Amino acid sequence: MNDPTVAMSAVLAGAPGRREQNKLDTRRAIAVSALEFARTHGLGNFTVDQVAAEAGVSRRTFFNYFHSAEEALTTSTDAFLELAAAEFMARPADEPLFDAMIAALAAIAKTENLSVCGELFRMAEESPELMRSQLHAWERAETRIRQAVNERLGGNLDPLYLLALVGAVLSCVKAAMQVWAATANAPLADSASELEDQIVGALSMLRDGFSNPS
């Protein structure tokens, strides 16, 4: 699996030093191991010890990075949402706000990041523990995206406007994922474009004021 956490770090902080790179590599190995166990065994059917062994680390090292297997899985969701915020900030300053948001999500949706995020969202539908970890990831992203929107629009936005705007955007993205998770029957690699379409469609509805219920 391509690891979005490395890409995120490169975007947000530049090339890491050797010590930091080693930490990123360990974190990535644990996250990849957890995802593979979730895919092959199903949630709740593997242990932290198994994940650690497959990643080539000790149980103690695992808990230096994550509190649970669900938290390790959520790394990919964190990375996807952080990349979305970074891509949004890189959009042209004169681009309309919602067009910039749609373009940012569409840009990173072309990568494997969206597929993994959608896969985890689908898994979380049947796992309260993973759902809690996923919700925390979305909460962290909301703070980051509020900062990005505030900076883009001059840095002194009305708090109500900012909270309502970003909350509405993320609610649309989550709604798109929920509909996709409930209806997509094709293998993940084949249905990722459907998820992208659902997200862009939901944000387009928000941009247009939900003027057309069809």
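Start by selecting Arg 39 and Glu 36: their side chains form a salt bridge, with the closest N and O atoms 2.8 Å apart. A salt bridge here means a side-chain nitrogen of Lys or Arg within 4 Å of a carboxyl oxygen of Asp or Glu. You're looking at a predicted model, where local features need pLDDT of at least 70, side-chain atom pairs count only at pLDDT 80 or more, and totals for chains, interfaces and linings use all residues. Residues are numbered from 1 along each chain as its sequence is written, and side-chain values use heavy atoms, with hydrogens and water left out.

Now colour helix 2 (residues 18-41). Arg 39 and Glu 36 sit three residues apart in it, so about one helical turn separates them. Helices are DSSP runs (H or I, at least four residues), numbered from the N terminus.

Is Arg 39 buried or exposed? Neither: at 34% relative accessibility, Arg 39 is partly exposed. That label covers the range between buried (under 20% relative accessible area) and exposed (over 50%), using a 1.4 Å probe and protein chains only. Glu 36 is partly exposed too, with a relative accessible area of 34%.

Next, add Glu 119, which forms a salt bridge with Arg 39, closest N and O atoms 2.8 Å apart. Glu 119 belongs to helix 7 (residues 112-124) and Arg 39 to helix 2, so this pair ties together parts 80 residues apart in sequence. Glu 119 is buried, at 13%. Show Glu 36, Arg 39 and Glu 119 together and you have a network of salt bridges.

Last stop: Glu 82 and Arg 144, whose side chains meet in a salt bridge (3.3 Å, N to O). This pair links helix 5 (residues 69-89) with helix 8 (residues 128-152), 62 residues apart.

Methods: Helix = DSSP H or I, 4+ residues; strand = E, 2+ residues; numbered from the N terminus.
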